[in-house]
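Me: I have a structure open and would like to understand how it is put together. Could we go through it step by step?

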Amino acid sequence: GSERDRYCKDKVVLVTGAGEGVGRPAILRCAEEGAHVVVNDIVGEKAENVAAEAGAFGVRSIPILADVTRSEEVGRMMAGIFEKFGRLDILVNNAFAWDRKPFSESQKEEWEAPIEVCLRGTLYCCHAAINRMKDQKYGKIISVVSDAARVGEKDSPIYSAAKAGVIAFS
């Protein structure tokens with residue numbers, strides 16, 4: 001395709017939660033366009049498999065095991081990216097967790113994962129990346145959300161609220 005179609009060419013791209021779901025095709029598309037990719041997931045085997053798929057496009061592709069709900073792990077992940085690549089051009093906050101029942105039937109303990117992964121994970125990743133991006137005078141941050149963030153989702157009210165928080169933050 002044209003150069004315009006290869007927006008990611010030679011960029012270093014991190015996608016969180018990229019071991020499956022929306023993250024996997026995002027990584028593969030970036031790699032196909034010539035980006036060097038960092039595949040983050042909390043399941044090492046999933047990250048490794050997607051990184052191997054992406055590497056088949058002839059780009060540098062590394063898996064990084066990190067839990068985005070833990071700021072120290074996010075910090076180590078970012079340090080590793082800058083050590084291996086010297087920069088991070090595009091951060092895609094994609095990792096998510098959701099609740100799957102009406103709010104009236106939920107327990108407080110079930111609220112934690114969507115808030116921690118969707119909202120706090122986005123905050124941690126942005127915070128770890130933004131000053132480095134400012135220093136390199138380049139960086140794009142993309143946060144994946146859902147229509148649920150705008151209109152709610154009957155059986156995922158906490159996920160909806162967390163994603164709405166990501167929109168407001170962004």
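Reply: Let us begin with a definition: helices and strands are DSSP runs, numbered from the N terminus, where a helix has at least four residues and a strand at least two. Please keep in mind that this is a predicted model.

Me: OK, then where is threonine 69?

Reply: Threonine 69 lies in the loop between S3 and helix H3, which covers 71–85.

Me: What does its side chain make a polar contact with?

Reply: The side chain of threonine 69 makes a polar contact of 2.7 Å with that of aspartate 67.

Me: And which residues does threonine 69 touch, not counting those up to four places away in sequence?

Reply: Threonine 69 touches Glu116, Val117 and Tyr124 on that count.

Me: Where does glutamate 116 sit?

Reply: Glutamate 116 belongs to helix H4. Its side chain is joined to that of arginine 120 by a polar contact of 3.1 Å. If neighbours within four places in sequence are left aside, glutamate 116 is in contact with Thr69 and Gly121.

Me: Let's zoom out. How many helices and strands does the chain have?

Reply: The chain has six helices and five strands. Read from the N terminus, the elements follow the pattern β-α-β-α-β-α-β-α-β-α-α.

Me: In what order do the strands stand in the sheet?

Reply: The five strands form an open sheet in the order S3-S2-S1-S4-S5, and the pairing is parallel. Strand S3 (61–65) and strand S5 (140–143) are at the edges; each has a single partner strand, so one side of each is left without a neighbour in the sheet. On average, neighbouring strands are turned by 15° against each other, direction ignored.

Me: How many bridges are there between S1 and S2?

Reply: S1 and S2 pair in the parallel sense over four bridges. Within this pair, valine 15 stands opposite valine 39 in S2. The two strands also form a right-handed β-α-β unit with helix H1, residues 23–32.

Me: What about S2 and S3, how many bridges there?

Reply: Five bridges join S2 to S3, and these strands run parallel. One example is asparagine 40, whose bridge partner in S3 is isoleucine 64. Between S2 and S3 the chain passes through helix H2 (residues 44–55), and this β-α-β crossover is right-handed.

Me: Is strand S2 largely enclosed or left open? Why?

Reply: Strand S2, residues 36–41, is largely enclosed by the rest of the structure, because five of its six residues are buried.

Me: Now the other half of the sheet. How do S1 and S4 pair?

Reply: Strand S1 (residues 12–15) and strand S4 (residues 90–93) pair in the parallel sense over three bridges. Here valine 15 stands opposite valine 92 in S4. As stated earlier, valine 15 also stands opposite valine 39 in S2.

Me: Which strands does helix H4 touch?

Reply: Helix H4, residues 108–135, packs on the sheet and touches S4 and S5. Its direction makes about 175° with that of S4.

Me: And how many bridges join S4 to S5?

Reply: Four bridges join S4 to S5, which run parallel. Isoleucine 90 stands opposite lysine 140 in S5. Together, S4, H4 and S5 make a right-handed β-α-β unit.

Me: Switching to glycine 23: buried or exposed?

Reply: Glycine 23, which is found in helix H1, counts as buried because its relative accessibility is 0%; the limit for buried is under 20%.

Me: What is glycine 23 in contact with, leaving aside neighbours within four places in sequence?

Reply: Glycine 23 is in contact with Val15, Gly17, Ala18 and Asn94. In addition, the C-alpha atoms of glycine 23 and valine 39 are separated by 8.5 Å, although the two residues are 16 apart along the chain.

Me: Last topic, the whole chain. What is its radius of gyration?

Reply: The chain has a radius of gyration of 16 Å, which agrees with the value near 15 Å for a compact globule with 170 residues. Taken along the principal axes, the C-alpha atoms fill a box of roughly 50 × 30 × 30 Å.

Me: And how much of the chain counts as buried?

Reply: Of the 170 residues, 42% count as buried. As for contacts between residues at least 6 apart in sequence, 68% of them join residues at least 24 apart.

Notes. Residues numbered from 1 in each chain as written. Predicted model: local features only at pLDDT ≥ 70, side-chain atom pairs only at ≥ 80, totals over all residues. Heavy atoms only, no water. Pairing = 2+ DSSP bridges. Axes fitted to C-alpha atoms, helices over the stretch in contact; angles between N-to-C directions. Contact = heavy atoms within 4.5 Å. Polar contact = N/O pair within 3.5 Å; in protein donor to acceptor, adjacent residues only side chain to side chain. Right-handed = clockwise from strand over helix to strand, strands pointing away. Rg over C-alpha atoms; globule rule 2.2 N^0.38 Å. Buried < 20%, exposed > 50% of the residue type's maximum accessible area, 1.4 Å probe, protein only.
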